[in-house]
Amino acid sequence: MRIGEVDQPRPPAPPAGPVSLYVHVPFCTALCPFCTFHRVPFREQASSRYFAALRDELRLYHRAGFTFASLYVGGGTPTCAPDELVETIALARELFGMSEISVETNPTDLRPAVLEPLAAVGVRRLSVGVQSFDDRLLRAMERYDHYGSSAEMIERIDAAAGSFPTLNVDLMYNLPNQDPASLERDLDVVLGLRANQVSFYPLMTAHSAAAKIRTTMGAQGPNRVHEFYRRFLTRLRPAFQPQSCWCFSRTVGAIDEYVVDADDYVGIGSGAFSYVDGTLYATTFSLNHYVDRVSHGYTGITGRRTYSLDDRLKNAFLTGLFGLELRRTRVRARWGDDFEERLRWALDAMRVVGAITEDAEAWRLTDRGMYLWVLLMSEFYESVNRFRETMRSGIRAELEEPDLRELAMPLRTAF
Ligand SMILES: C[S@@+](CC[C@H](N)C(=O)[O-])C[C@H]1O[C@@H](n2cnc3c(N)ncnc32)[C@H](O)[C@@H]1O
Ligand code: SF4
């Protein structure tokens, strides 16, 4: 992923169509060795200043004329500082009035003191990181002691079900030492759980995460993505139906992580990405730099890349079909004839290999296509992981001990 350095004080111009909002909260009480996201150890003072900066950046986008159709708060672990999180969501609702709100969390935060204020402020989807219900794997992932055993997680998830219209659990597969029996046990648990949505991610790495995974979780065994994907497609249906190529819901209409109605999104917070009118923006990975920029009335944006029309069409093709179906009316409204004319080769190739079907109304992924899309999305996210690694490698000291009292970087240094 190639992104050039910029210093962009102002938000981009709001696009004509719907836009979704992503807010990144990088703090976690314990860092997992496999994780490739932008995350740092939780420090209360640093997190208070960071949340205050998030609220300032929300106001900046409001003044710039943005409206948002939905809000997704991800991390890190956004529920590390529950009061700050609730205040930030309340402000987003006051400014933008969105009703679809999704928040990521960890099993130890499934407590009434955290859940009740989140439900009261309008959160409709809570996504809980589980990774596996196998205690042996949880220990290898260094999550057992920090985020609970399998039995503790099941109890907490069942108790939380009903507090939100959508309760999602995140699981990973193709992990070192994960055999078919372990995956089958995970599926048994999921089918008996009161959560109404499950997302299954294949383990995705980048250079430094791969090294950490080897030393903590063990060497990667045979690649089992295809075998395991087929197993859970077969076992989850009919109780769960796919909503994207890796998210499955019991309830039709439950909110997915992936918001299919918005092509454009704005990401605020350190290490977030935005995609607006064919341009990708990246915010600084330094928390100090982020807070300092925002306190001067700037956005956090320090990287930018503008895509060609062909790249924008390929992106619309990849992300559109990730949601399983791409409707022709929507494609025509957005792209006119360009989509079909310029991507005819890709549409034909996918149809010939049995990955998509095509009729007068829409292109749809087949089961084979869903598997293919898992591979394509994994490639895409691994390139994002490489970009994150590069950005984080220059500011190791700050990320290991975030202390926002000291300004580590001059205001106008990009990234
Ligand atoms: C970034 S975490 C944020 C929420 C929360 N902190 C948690 O641990 O779930 C969201 C999810 O990303 C997934 N994830 C993290 N690292 C991953 C990796 N290397 N490959 C695939 N999925 C990963 C995990 O399933 C995790 O639950
Ligand atoms: S998986 Fe979740 S808890 Fe673990 S380091 Fe990543 S963001 Fe933090």
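Phe66 and Phe68 are both buried in this predicted model. Their rings also pair up: the two are stacked, with 5.6 Å from centre to centre and 20° between the planes. This is one of 24 aromatic pairs that turn up when the whole structure is searched.

Phe68 has another ring to deal with, that of Phe96. Here the centres are 4.7 Å apart and the planes stand at 70°, so the pair counts as edge-to-face, the cut-off for that label being over 60 degrees. The contact ties together distant parts of the chain, as the partners are 28 residues apart. Phe68 comes from the loop between helix H1 (44-63) and strand S5 (70-75), whereas Phe96 belongs to helix H2 (residues 82-96). As for exposure, Phe68 has a relative accessible area of 5%, so it is classed as buried. Phe96 comes out at 11%, and is therefore buried too, given that the class takes in anything under 20%.

Elsewhere, ring pairs join up into a cluster made of Tyr173, Phe200, Tyr229, Phe232, Phe248 and Tyr371.

Aromatic rings also meet charged groups. Arg328 places its charged end over the ring of Trp363, at 4.4 Å from the ring centre. Arg388 does likewise with Phe37: the charged end sits over the ring, and the distance to the centre is 4.7 Å.

Conventions: Residues numbered from 1 in each chain as written. Chains lettered and ligands numbered in written order. Predicted model: local features only at pLDDT ≥ 70, side-chain atom pairs only at ≥ 80, totals over all residues. Heavy atoms only, no water. Phe/Tyr/Trp six-rings, centres within 6.5 Å; stacked < 30°, edge-to-face > 60°. Buried < 20%, exposed > 50% of the residue type's maximum accessible area, 1.4 Å probe, protein only. Helix = DSSP H or I, 4+ residues; strand = E, 2+ residues; numbered from the N terminus. Lys NZ or Arg CZ within 6 Å of the ring centre and 35° of its normal.
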